[in-house]
Amino acid sequence: MALDQSFVGRSYPPTDPYEVGREKIREFAEAVGDTNPAYTDPEAAKALGHPDVIAPPTFVFAITFRAAGQVVQDPKLGLDYSRVVHGDQKFAYSRPVRAGDRLTVTSTIESIKSLAGNDILDIRGEVHDEAGEHVVTTVIKLVARGAEG
């Protein structure tokens, strides 16, 4: 069943703040195999003009994907999550994520399309720090595979 097109443009409430910790950044950098010292060494980050360690660009995926759960779990949208695969991810930064940031995410349904029996859902996540400054915009593309047969 096709998703309800009237949901395009719908925004969900901002998430509770997520506090970015140095250790989480280090663990993530290690997990993705990125040895950039700005991710683990405060002095290296400061030498690059940052107040503390910064996170690899894809670090915010976990935060924004969790926020997109508000969309995915909205029963009125009609998304069958058991049929969903992650199709794409985009990031547009105003500044890097830093240790000590307290970030909130507001999710908005950017588009809903049907293609070859599949529903394609783009969810935009606007990430702001506790001062209200924009940090990054993400777009998560989810593909809900059509029923077989």
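# Close-up views of a predicted model

**View 1. R10 and D74, a salt bridge across the sequence.** R10 is partly exposed, with a relative accessible area of 33%; in these legends, buried stands for under 20% relative accessible area, exposed for over 50%, and partly exposed for what lies in between (1.4 Å probe, protein chains only). The model shown here is predicted, so local features are reported at pLDDT of at least 70 and side-chain atom pairs at pLDDT 80 or more, while totals for chains, interfaces and linings use all residues. Numbering runs from 1 along each chain as its sequence is written, and side-chain values rest on heavy atoms, with hydrogens and water left out.

The partner of R10 is D74, which is buried at 14% relative accessibility. Their side chains meet in a salt bridge of 4.0 Å, N to O, the term being used for a side-chain nitrogen of Lys or Arg within 4 Å of a carboxyl oxygen of Asp or Glu. By this rule, the count of salt bridges comes to eleven. With R10 in the segment before strand 1 and D74 in the loop between helix 3 and strand 2 (84–93), the pair ties together parts that are 64 residues apart in sequence. Helices and strands are DSSP runs numbered from the N terminus: H or I over at least four residues for a helix, E over at least two for a strand.

**View 2. E30 and R26, a pair within helix 1.** Here the partners sit four residues apart, about one turn of the helix. The salt bridge between their side chains spans 2.6 Å, N to O. E30 is exposed at 52% relative accessible area, whereas R26 is partly exposed at 26%. As a general point, side chains of opposite charge can pair when their charged atoms come close.

**View 3. R124 and E110, a link between strands.** The side chains of R124 and E110 form a salt bridge of 2.2 Å, N to O. R124 belongs to strand 4 (residues 118–128) and E110 to strand 3, so the pair ties together parts that are 14 residues apart in sequence. Both partners are partly exposed: R124 has a relative accessible area of 23%, and E110 comes to 38%. Elsewhere, salt bridges with shared partners join E19, R102 and E130 into one network.

**View 4. The largest nonpolar core, with V97 among its best-connected residues.** Which residues have the most contacts inside this core of 21 residues? They are V20, I25, F59, V97 and L103. Helix 1 (22–32), helix 3 (61–72), strand 3 (102–115) and strand 5 (134–144) are the elements that give two or more residues to it. Apart from this core lies another, of 16 residues, among them F7, A68, V71 and I123. A nonpolar core means a set of buried Ala, Val, Leu, Ile, Met, Phe, Trp, Tyr and Cys residues joined through side-chain atoms within 4.5 Å. Zooming in on V97, its contacts beyond four places in sequence are V20, V53, I54, A55, F59, V60, L103 and V135; a contact has heavy atoms within 4.5 Å. In soluble globular proteins, nonpolar side chains tend to be buried together.

**View 5. P17, just ahead of strand 1 (18–19).** P17 lies in the segment before that strand and is partly exposed, at 43% relative accessible area. Neighbours within four places in sequence aside, P17 is in contact with R102, L103 and T104. For a sense of scale, P17 and A55 are 38 residues apart in sequence and 17 Å apart in space, C-alpha to C-alpha.

**View 6. A116, a positive phi outside glycine.** Where does A116 sit? A116 is in the loop between strand 3 and strand 4. The phi angle of A116 is positive, about 55 degrees, although the residue is not a glycine. Most residues other than glycine have a negative phi. A116 is exposed, with a relative accessible area of 74%.

**Setting for all the views.** The protein has three helices and five strands, following the pattern β-α-α-α-β-β-β-β along the sequence. The C-alpha atoms fill a box of roughly 55 × 30 × 20 Å, taken along the principal axes. Of the 149 residues, 41% are buried. Among contacts with a separation of 6 or more, 69% join residues 24 or more positions apart.
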